Amino acid sequence: MAIDLYEILGVGKDASTDEIKKAYRRLARELHPDVNPSEEERFKEVTAAYEVLSDPEKRQRYDLGASDPFGGFGGGGFGGLQDIMDAFFGGGLGGFGGGRGPRGRTRRGEDLLVGMSLPLADTAFGTTTDVTVDTAVRCATCQGGGTAPGTFPDQCKTCGGRGEVSQMTRSFLGQMMTTRPCPACGGAGSVITHPCADCAGEGRRPERRTLTVTIPPGVEHGLRIRLTGEGQAGPGGGPAGDLYVEVNELDHDVFDRDGDDLHCKVSLPMTAAALGTSVDLELLEGETERIEIKPGTQSGQVTTLRGRGVPHLRASGRGHLHVHVEVRTPTDLDAEQERLLRELAAARDEERTESSGSGGLFGRLRDVLGGR
């Protein structure tokens, strides 16, 4: 069934503005939830109908729709009051449907992104550091309002404070009403005629700030840390956006990172790898760990120190440290050292390698030394 707003208020289609107002006041006193809780829904309908019929422009739009030959409001194409709100006002009226109306000047500020370069030890074990950013902060002179002290925004004369303007157009469907934000006030419904001298009416001004950032243990390269409410202040005194600090992890001279694991290289002379030895390794956290090298260790062999890597982010435990052994072959033997190696090669029958046709240990050394 078609919705008749005049019928809801109990007035005729030719009722004057005063008659509509008197009818609404009478019904509001009768149906108000504080007086008659069971009639809350009807009270909402009466209020929504009054908001349409008490506004000359909205009433005109409703009346045009009611006489639309293609159906509209008079043709039963809408099943309830919410349909009227959605069709004419983009989603409702007043407090019951969230009608558009003035948009206001207050908006949330923009988010900011800054980069921070940190050494591996700081990303692994966490740190507290400062970051300097250029942001917009709320103007202290006008407290975000944008107006000069003692003044207030004036109602926009173009839209009469509604924040939007309407235009009647004709199409093959008949007359249609289009609505758009007011170009004079940008949809705010008011204009600032006396702007604040410190912020030019923006309600915010630029400022360089230094903030303290806590870096948790285990962060990785590219991770972003959010500082809530530390971004740009919003126009018109709106809430500030967030500040994101993106971590840039610097390369380390000794350790390479792979997730929460660390890798490093220990270089040993050939004799130490053959006979076995011990190596003192300074760990990332500054402590010293003694690593035992077993006799006969080969180049490329890996020794893993469990739980000596990077702490897990937001979890207990740590990754592992993988120590890669690199065996150095001497390249500057003197005559006596070469003689001793020849004797060792002969004793181990390593002077020749049949599969390659070249010498064993001594042969390989000779190749390195240029065939001496």
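Is Q143 buried or exposed? In this predicted model, Q143 has a relative accessible area of 53% and is therefore exposed, given that the cut-off for that class is over 50%. The residue belongs to the loop that runs between β2 (127-138) and β3 (154-155). Its backbone also deserves attention, since phi of Q143 is near 55 degrees, a positive value in a residue other than glycine.

A200 can be described under the same headings. Its phi is near 60 degrees, again positive in a residue that is not glycine. A200 is placed in the loop between β6 (190-191) and β7 (204-215), and with a relative accessibility of 64% it counts as exposed.

The chain as a whole provides the setting for these details. Its secondary structure consists of 10 helices and 15 strands. Of its 372 residues, 35% are buried. The chain exposes about 21,400 Å², and carbon and sulfur atoms supply 48% of that area. Among contacts with a separation of 6 or more, 60% are between residues 24 or more positions apart.

Helix α2 offers a suitable entry to the interior. It comprises the 15 residues 17-31, for which a rise of 1.5 Å a residue predicts a span of 21 Å; the end C-alpha atoms are 21 Å apart, so the model agrees with the expectation. The buried residues of α2 are I20, A23, Y24, L27, A28 and L31. Viewed down the axis of α2, these buried residues fall within an arc of 130 degrees, and they therefore line one face of the helix. The spacing follows a general rule: an α-helix has 3.6 residues a turn, so residues three or four places apart point the same way. On the other side of α2, the exposed residues are D18, K22, R25 and R29.

What does the buried face of α2 join? The largest nonpolar core has 19 residues, and those with the most contacts inside it are L5, L9, V11, I20, V46 and L53. At least two residues of this core come from each of α1 (5-9), α2 and α3 (40-53). I20 illustrates the packing: once residues up to four places away in sequence are set aside, it touches L9, V11, A15, Y50, L53 and R59. Another core, of 18 residues, lies apart from this one and includes C264, V279, L283 and I291.

The aromatic residues add a further link between helices. The count comes to 1 aromatic pair. Its members are Y24 and Y50, which are stacked, with 4.2 Å from centre to centre and 10 degrees between the planes. Because Y24 lies in helix α2 and Y50 in helix α3, the pair ties together parts that are 26 residues apart in sequence. Both Y24 and Y50 are buried.

Helix α9 (residues 335-347) can be read in the manner of α2. It has 13 residues and reaches 18 Å from its first C-alpha to its last, close to the 18 Å expected at 1.5 Å a residue. Its buried residues are E338, L341 and A345. Seen down the axis of α9, they fall within an arc of 65 degrees, so they line one face of the helix.

Two further positions show how individual residues meet distant parts of the sequence. S190 is found in strand β6. Its relative accessibility is 17%, and it counts as buried because the limit for that class is under 20%. Beyond its neighbours within four places in sequence, S190 is in contact with R105, P153, D154, Q155, C156 and C185.

P295, by contrast, is exposed, with a relative accessible area of 60%. It sits in the loop between β13 (288-293) and β14 (302-305). Which residues does P295 contact when its neighbours within four places in sequence are left aside? They are A273, A274, L275 and G276. The C-alpha atoms of P295 and G276 are separated by 3.8 Å, although the two residues are 19 residues apart along the chain.

Note on methods: Residues are numbered from 1 along each chain as its sequence is written. This is a predicted model: local features need pLDDT of at least 70, side-chain atom pairs count only at pLDDT 80 or more; totals for chains, interfaces and linings use all residues. Side-chain values use heavy atoms; hydrogens and water are left out. Helices (H or I, at least four residues) and strands (E, at least two) are DSSP runs, numbered from the N terminus. The expected span of a helix is 1.5 Å times one less than its number of residues. Buried means under 20% relative accessible area, exposed over 50%, partly exposed in between (1.4 Å probe, protein chains only). The arc is that of the directions from the helix axis to the C-beta atoms. Contact means heavy atoms within 4.5 Å. A nonpolar core is a set of buried Ala, Val, Leu, Ile, Met, Phe, Trp, Tyr and Cys residues joined through side-chain atoms within 4.5 Å. Accessible areas come from the Shrake-Rupley method with a 1.4 Å probe; for residues, only the protein chains shown count as cover. Rings of Phe, Tyr and Trp (its six-membered ring) pair if their centres lie within 6.5 Å; planes under 30 degrees apart count as stacked, over 60 as edge-to-face and the rest as tilted.
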